[in-house]
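Work through the exercises below with the structure in view. Try each task before reading its solution.

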Amino acid sequence: MKTKALNITQLQKKFQSQELSSVQAVKDYYCKIEKSNPKLNAFLEIWKEKALENAEISDQRIAAKKARVLEGIPIAIKDNFMIKGRIMSSASKYLENYISPYDATVIERLKNAGAVFLGRTNMDEFAMGGSTENSAFGPTKNPWDLSRIPGGSSGGSAAAVAADFAPCALGSDTGGSVRQPAGFCGINGYKPSYGLISRYGICALASSFDQVATFTRSVFDAAKLTSVMAGADFRDPVCQPNEYIDYTSGLDNLDTLKKLKIGVPKQLADYQIDAPIAKIFEQSLEKLKKAGAEIVEIDVEAYQYVASLYKVIMCAEVSANIATFDGIRYGYRSPNGVNLNDEYSKTRAESLGYEVKKRILFGTYVLGAKNYYRCYNQAQKVRTLLIDELNAAYEKCDVIFTPASLQMPVKFGESLPEESDIFIMVANLAGLPGFTLIGGQTENNMPVGVHFLSKR
C-alpha cells in the first residue's frame, strides 16, 4: 500500500509533491480496514462516501495552493465524540441509535483544518474500562497479538493506528485511556494538561479527569494535532483562554535532553513489574543518560493512594454524569416500565453493561449522606496531597519518567492488577500532561511503552 505506516508529516509531503492524493490515501486506508477490521473490530462504523468527498475537496485545495494545516489528512475518531449527523454511541446499547445534533469543539477545529474523518472506533462502554472488552459491540483485538487486549478505554483508536488503518486517531483520556493502549499497541499517546483542549461535545465519564488525547506515529504529529485543537472555548468552563501556541516549535532541537533532569520515582521498587518491561525501561534510562539527561530519584509517597483515589472520585463523577441517562430525555427507553421509577431502573438494567452498572452503584454509595465526608471528601483531600507532593518533586526534576504500564497486555478474560497503571493515572488526578512513547520490543515482538509526565 502507498500509505503503509506513513505519519501526518510524510503524507503531507506526498500530497504537496502530488506523489499521492488524499483520495488515494483514503481509498488505501479503507482497503486495509475492509480487509482486516473484521478480525480486529477497531472500527464500529466507516464513512467512506463522505470521506472520499472531503478528500476530493482537499485535493482541489492542495492543487490551488490553499491547503489548510491538516488538509486531506485521514483521522479515526473515538465513538464518544459528537459529529453532527453521525451516531455517537459510546459503545453502549443505551446510545446505539443516538444521532449527534452538533459537532464537538475539537471536531469543528479539525474540520476547519481540513482533516478527513474515516469513521468511529470501538471503546469500553462509556469509556469505563482498560481493555476495550466492555464494548456493547464486542472487544477490539491487539494487532500485535490477536489473543491479547489492546488496552482501553480507547482501544479501538489505538488498534486502528497500530494496524495502519489511519495515520492518527482521537481518544479521550480519563485515567490513562489513551496512554496505556498506546503502549500496548506500539504507538504514541499524548494527553495534554487539563483545560488545554475543550471537552465540549464529548460524552463525559469523569469531568475532573477527562481530556481529549491523540494517537500518532510521531511526537511532531501529536504536537501538530494539539496546536489545531487547543484554545479557549466558552462552552467548556475549564478550558483556559491561552493564546495560540505552535507546539511543534523547537521539536527539532537535538539538545533538548542535555542537562534535563529526569525524575524516577523510588516507589517503582514497591511494585511488581513484568521482566520485559523492567528490562526495556532500564535500557531507556541508559539512552536518556547518553543523550545528556541527568537521572534523579524522586519520592512521592502518595503514589500508594492513586488507585483508591481514582476509583472513589471517578465513580462519584460517573454517578453524577450518568444521571441524565434515564430513558426519558434521549437514548434507549425500556418498553417494560409500569411507572416512572420502574422505567428508570429497567431502562438502565436492560441497556447498560456490567462495568457501567458497577461504577454507578459504587459512585452513588460514596456520594451518599453517610459516606460523603468519609469517602468522597476525604479522597479530594488526599488528591490535593498528591498534587502537592508532585509539585515538590518537580523542584528536583523537569519531568517524571516511568513505564507506561507495569504489566504486559493480558489475554482476553484475564485482568490487569489495579496498580499496573498508577504511574500514568496521576496525570489525570493532577491535571498534568503525559506522553507514552515506544521504549522497545520484547523477545516475542510485543511493544513496550515508556511514559513522561510533565508540569502543567
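**Exercise 1. Classify R329 as buried, partly exposed or exposed, then do likewise for its salt-bridge partner.**

Step 1. Take the scale: buried is under 20% relative accessible area, exposed is over 50%, and partly exposed is in between (1.4 Å probe, protein chains only).
Step 2. R329 has a relative accessible area of 54%, so R329 is exposed.
Step 3. Find the partner. R329 forms a salt bridge with D326, and the closest N and O atoms are 2.8 Å apart. A salt bridge here is a side-chain nitrogen of Lys or Arg within 4 Å of a carboxyl oxygen of Asp or Glu.
Step 4. D326 has 7% relative accessibility, so D326 is buried.

A note on the source: this is a predicted model, where local features need pLDDT of at least 70, side-chain atom pairs count only at pLDDT 80 or more, and totals for chains, interfaces and linings use all residues. Residues are numbered from 1 along each chain as its sequence is written, and side-chain values use heavy atoms, with hydrogens and water left out.

**Exercise 2. Classify both ends of the salt bridge between D255 and K258.**

Step 1. The closest N and O atoms of this pair are 3.3 Å apart.
Step 2. D255 has 42% relative accessibility, so D255 is partly exposed.
Step 3. K258 has 51%, so K258 counts as exposed.

**Exercise 3. Explain what the salt bridge between K32 and D164 ties together.**

Step 1. Check the distance: the two side chains meet at 2.6 Å, N to O.
Step 2. Place the residues. Helices (H or I, at least four residues) and strands (E, at least two) are DSSP runs, numbered from the N terminus. K32 lies in helix α2 (residues 22-40), and D164 lies in the loop between α5 (155-162) and β4, so the pair ties together parts that are 132 residues apart in sequence.
Step 3. Check burial: both K32 and D164 are buried.
Step 4. Widen the view. K32, D164 and R217 are linked in a network of salt bridges. The structure's count of salt bridges is 22.

**Exercise 4. Describe the surroundings of strand β4.**

Step 1. β4 covers residues 169-173, and 5 of its 5 residues are buried.
Step 2. Split the faces: A169, G171 and D173 lie on one side, L170 and S172 on the other.
Step 3. Find the pairings. Two strands pair if DSSP finds at least two bridges between them. Strand β2 (residues 74-78) runs parallel to β4, with 2 bridges. There, I77 partners L170.
Step 4. Strand β6 (residues 211-216) runs antiparallel to β4, with 5 bridges. S172 stands opposite V212 in β6.

**Exercise 5. Locate the largest nonpolar core and its main helix contributor.**

Step 1. Define the core: a set of buried Ala, Val, Leu, Ile, Met, Phe, Trp, Tyr and Cys residues joined through side-chain atoms within 4.5 Å.
Step 2. The largest core has 123 residues; I75, V106, L110, F117, F126, L386 and L390 touch the most other members.
Step 3. Helix α9 (residues 306-321) gives the most to this core, with 10 residues.
Step 4. Look at L110. Leaving aside neighbours within four places in sequence, its contacts (heavy atoms within 4.5 Å) include I75, F117 and L170.
Step 5. Apart from the largest core lies another, of 5 residues, among them I277 and M446.
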